[in-house]
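Opening a fresh notebook page for this one. I want to go through the chain contacts, then the charged pairs, then a few odds and ends.

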Amino acid sequence: MFSIPTVYLIPIYPILAFLLIVLGLAFKVLPKKAGSLIVIASTVLSLVHTFVALGQWMPTQKLVEAHMPWLTAGDLVFSLGYMLDWPAFVMLIVVTTVSLLIHIYTHGYMEEDPNYNRFYAYLALFNFSMLSLVLSQNLFQMYMFWEMVGVSSYLLIGFWFTKPSAAAAQVKAFLMNRVGDFGLLVGILALLFFTFNYWGQAGIPFLSFSGMTGASEVLLKTVPAATLAIIGILIFMGPMAKSAQLPLHTWLPDAMEGPTPISALIHAATMVAAGVYLIARVYPIFEVSPVTMQTVAWIGGATAVVAATIALTQYDIKKALAYSTMSQLGLMVMAMGLGAFTAGIFHLVTHAYFKAMLFLCSGSVIHGCHHEQDMREMGGLAKKMPLTHLTYLIGTIAITGVLPFAGFFSKDEIIASAFSGNQVLFIMSLLTSFMTAFYMFRTYFMTFTGEYRGHAHPHESPMVMVAPLLVLALPSVLLGLFLSGMFGFAGFGDFVSYGHHGHHSPNYLVMGIATAVGVSGFILSYLFYSPKAVFNAQSVINTFKPVHQLFANKWYFDELYGFMSGSVYLLFANACSWFDKTVVDGLVNFTAFSVSSTGSVLRVLQQGRVQSYLVILSFCTVLFFAWLWLQLH
Amino acid sequence: MLQPLSLLISLPVIAALVIAIIPGTKERTIHWAATIFSGIIFAISLYYFQGSLALKSQLAESFNWLPAFGIKYSLAADGLSWMLVLLTTFLMFLSMVASQSSIGKRLKLYYSMLFLIETALLGVFLSRDLFLFFLFYELELIPMYLLIAIWGGARKEYASIKFVLYTLFGSAFMFAAILGIFLMAGQGQATFDFGLIASNVIPGLSLSTQVLIFLGFFMAFCIKLPMVPFHTWLPDAHVEAPTPVSMLLAGILLKMGAYGMLRFCFAWFPEAGSVLAPYLVLFGVINIIYTAGIAMVQADLKKLIAYSSVSHMGFVLVGLGALNAYGFNGAVFQMISHGLISAGLFMIVGTIYNRTHTRLIAEMGGLGKVMPAIYFFGLFLAMASLGLPLLAGFPAESLVFYAGYLSKAFSVIPWFGGQALPISIQTLTVIAAIGVVLAAAYLLWMIQRVFTGTMPEKWNGLGDIIKSEAFVLSVIAIFTVAIGIFPNALTKYFEPEVTKMASVYAVKKQPVAEKKAAQVVLPEKTLAKNLSERSH
């Protein structure tokens, strides 16, 4: 049952779980807490299948591909299939392991919720979509599941749909992703337009990932550089929205309206990283255009910095983590743009574990503080929630990038690639590291140290929630070391690499600088927010009020988009509506009025009823033939 | 004994007669009799469809009806016809079920009219004689008029008259076009037979005559589709029509327009089609974007869905105007998926209205709390409508987008005085693709304002879905998912024929020598190669 030829079953297990729960709910036969059992069982199956398949694949490590036609029209054949290589396996492992832990955690977090089973159904739908996305054999297929993860995210953000803010956030997330997907769609269309012959000649389905290198060579030969850049940037619009890169990022912080397990699974560890994964899959297309690569790198870098500045000012613990996620995704995207393929994916993996853990910790805190998310209402939780505290601290150190924690190795590689790639981006990535250390320790100090400032009675979360945290702490500490390639084990670059870029030898200068920057961020944070603070944060805020305002208001992106949708789009819609009602329908009614007036006149003339049918029919026929006759003679 | 297709067409009339003799007081009996009859008709259509597949036969039948004018009573069912016949009998059955919970007066007349429409629709999709086609096309009009005028809402007279006049206005042009074909035929060649017209009559016509006759047909069908600016009858008709009638209107009646365009305009007049394609695609894109804009700001839920329905029919125009196999198949796929999805959405509107007795979106909100199942189906259908993968709308829209972008139909739009607008079909396709963003916007904002957020106090205590509604919506949902996951299971029935229809556009631009040389290579390579050659 578990083997390579049946890897297509990996996403099938969760979709069966989804169907089972949906049918159970529809016919009202599902026991109250059955959802978790069904979904966890399905995730275990996916996980076991992944590892068994990996075991079988390891000896050869050759690319495995299978596909079947899905939609045929003439010579246009879209295929579905799967493709196995190291990036796919890495993603499969990340998704299955993280989601298994989160599914267990969810049982504790959502236990009281009346819609417990529905929540698990959505989780299963997400797993199906995400695993299918990872296994996708071609870009068209990935686009399909790309949208499917979007809809899962929509459903989960709006899980508490009676909350107006959640209802608004889910729509915003979906729409912003749709804008990105529009670009992605047009990019795919253009790509296929210029490479249509190639796929047939290569004998592989349209848009196969395994043929991307060949396709990029065709493009390079036949298409001007500007077109190449446009295709790349259009495709990049997809990841821009999915991975919350500027300027399509504003949905991610709002997505925190969803229950916290979702924020950990979808909006930190897996789905948002799908953008980076897509870039990895179409990397040859990006690589042939320096403009595209530059755009990707700069957008990633800018996102990393901007998101970090916003994170500095947040008081909502989940929002702070959301901006942190955005910032880290920015680093990954920047790495991809700089050609540091391995570093980008490596950071994706380590980040998935420690950020999932951080979010779950925040969930534990929120759970313990009775749904309080404002860090000003927390403090001193270290004593009351010792295990959550410990894991949060580990996560914070990991993301700060202190040796030997996971973040150190992956982030260091990104910074090193910026160092050799572009000096400005290097400084930006250092700035990001500095701010990351600062705001992460800020959240840590505000939440866990000092005196408790809230009014609830915080308590440690149940074991079912804490255990996944402890498990996640393991990769957060060790994964980087293990895969760094420095200590005898095989390095990450030996598995996942692109072209000749393998793992390169460590750059001790960059390591030193990055560590120094991280540590100084921690020290500054300590001086401001620890119980022994020497500086007053508020007075600094007051001194730099305009800057703080800019950061706290998220650089006014929401206002800009609010204006655009509120006035530009509604103006267009209202104009159409007005035009339709007055001009188009007005003309119709006017015509009808004139005809019926003529009819009344004729009726008077003939002293009887004239069927409008005949009038129009004969009138038009005569007219038409008159015209025809004129044409012919 | 009647032949299969004749039997299929006459069964609804028989059902109508049987309904007519049931005493009017036995309302449950009437409801159930109608439902069962329509179910039987659906089953029989499926049975004949299977038979037709097994025998590889179109079950054609024909006899000379009015030999003096060359008018024949001739029926046949190819893949395209079968798809629409099955859609008709299927949706007819579902709207009969839906009628159980939404129609309460003059049941006998109501069901008789529905069955009469079914006969007319089956006739339209099965006719192989132009005169017969026209008769069936007009036959649908009177029962539809009565259905809106008797069972409609507040402005039913206005809406029903508008519907009739508009359709007749278009029919006049079609009638002229049919007469044109009849009269233009050479000596002794006069015929209404589809096959003979295509093979004998049309090739002899000059390009300008072809364009004129194309436009004559097109005028009738674009009103039915409907195409901007001839669409304003539809929202009015929808708003006034009772739920099951709206389901039929959106689900099948509009498809008569789409079917006619493909069967007559595009398949018969390739030269005229090539000339007119730029404008049709332009109008298709206007349809998509402009009506999406209108849908956005509708206060009335049913109007919103009606405009959304118009917007989605724009994809049919774009697909046809792409003049290639992908587009034609996309258009046919869109007919089917739009038939399912829009019927489902109108059903949702009806179920909400039955409970709240209002269609104003502003009065709703948070309804998902009291009607979770309706929320589920509503969201599901909205997602299907906005083209979510694995649901029926996605394959259709994908095909249309790929068709448009890969099309070589035109690179500029010829304009007055020898000028040309520098708009290629690729540009128009990209604009059409904005439609998917707009569709997501108005549909999800609709869901947000109707089902989520805080619920006004007054809706406390409203009930959730009842069995007959759940039945209709689940059946639609199952088919929507099935087609969405296995599109090839559907396309295999019509794809070969529709691809052949499109071949008239592909073949004539290929140099003969190239064609021969290409035949020895693998088929995939040939086609890819041809495509590239056409691009240069």
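**Entry 1: the two chains together.** I began with the contact count: 68 residues of chain A are in contact with 82 residues of chain B. A reminder to myself that this is a predicted model. The area buried between the two chains comes to about 6,600 Å², and carbon and sulfur atoms give 77% of that. I then looked up the top contributors on the chain A side. Trp70(A), Arg178(A) and Tyr569(A) supply 9% of the area that chain A buries against chain B, more than any other three residues.

**Entry 2: polar links across the interface.** How many salt bridges are there between chain A and chain B? I get 1 salt bridge. Lys162(B) makes a salt bridge with Asp585(A), with the closest N and O atoms 2.6 Å apart. Residue pairs in polar contact between chain A and chain B number 13, with both partners at pLDDT 80 or more. Next I checked which elements of chain A touch chain B. Strands E1 (64–73) and E2 (76–84) each supply at least two residues, and so do helices H5 (139–157), H6 (164–202), H25 (557–606) and H26 (612–632). H6(A) gives the most to that side, with 21 residues.

**Entry 3: salt bridges elsewhere.** Over all chains I count 14 salt bridges. In chain A I picked Lys163(A) and Glu257(A), whose closest N and O atoms are 3.2 Å apart. Lys163(A) sits in the loop between H5 and H6 of chain A and Glu257(A) in the loop between H9 (251–254) and H10 (260–269), so the pair ties together parts 94 residues apart in sequence. Lys163(A) is partly exposed at 35% relative accessible area, and Glu257(A) also counts as partly exposed, at 21%.

In chain B I looked at Glu140(B) and Lys224(B), which meet in a salt bridge at 3.4 Å, N to O. Glu140(B) lies in the loop between H5 (130–139) and H6 (141–151) of chain B, while Lys224(B) belongs to H9 (residues 207–224) of chain B, so this pair ties together parts 84 residues apart in sequence. Are these two buried or exposed? Both Glu140(B) and Lys224(B) are buried.

My other pick in chain B was Lys458(B) with Glu363(B), the closest N and O atoms being 3.2 Å apart. Lys458(B) is in the loop between H17 (425–451) and H18 (467–485) of chain B, and Glu363(B) is in the loop between H14 (325–356) and H15 (372–385) of chain B, so they tie together parts 95 residues apart in sequence. Lys458(B) counts as exposed at 51% relative accessibility, whereas Glu363(B) is partly exposed at 30%. I also noted a network: salt bridges that share partners join Asp585(A), Lys162(B) and Asp236(B).

**Entry 4: a nonpolar patch.** On the surface of chain B, I found a nonpolar patch formed by Phe63(B), Trp65(B), Leu66(B), Phe69(B) and Leu135(B), with about 480 Å² of accessible area together. Strand E1 (residues 61–66) of chain B provides the largest share, 3 residues. Phe69(B) is in the loop between E1 and strand E2 (71–75) of chain B, and counts as partly exposed at 48% relative accessibility.

**Entry 5: Thr6(A).** Last lookup: Thr6(A) is in the segment before helix H1 (9–26) of chain A. Thr6(A) has a relative accessible area of 19%, so I log this residue as buried. The Thr6(A) side chain reaches the backbone oxygen of Ser3(A) at 3.1 Å.

Terms used:
Residues numbered from 1 in each chain as written. Chains lettered and ligands numbered in written order. Predicted model: local features only at pLDDT ≥ 70, side-chain atom pairs only at ≥ 80, totals over all residues. Heavy atoms only, no water. Patch = residues over 30% accessible without salt bridge, like charges linked within 9 Å, V, L, I, M, F, W, Y side chains within 5 Å. Areas by Shrake-Rupley, 256 points an atom, 1.4 Å probe, with all protein chains shown as cover. Salt bridge = Lys/Arg side-chain N within 4 Å of Asp/Glu carboxyl O. Helix = DSSP H or I, 4+ residues; strand = E, 2+ residues; numbered from the N terminus. Buried < 20%, exposed > 50% of the residue type's maximum accessible area, 1.4 Å probe, protein only. Contact = heavy atoms within 4.5 Å. Buried area = accessible area lost by both parts, 1.4 Å probe. Polar contact = N/O pair within 3.5 Å; in protein donor to acceptor, adjacent residues only side chain to side chain.
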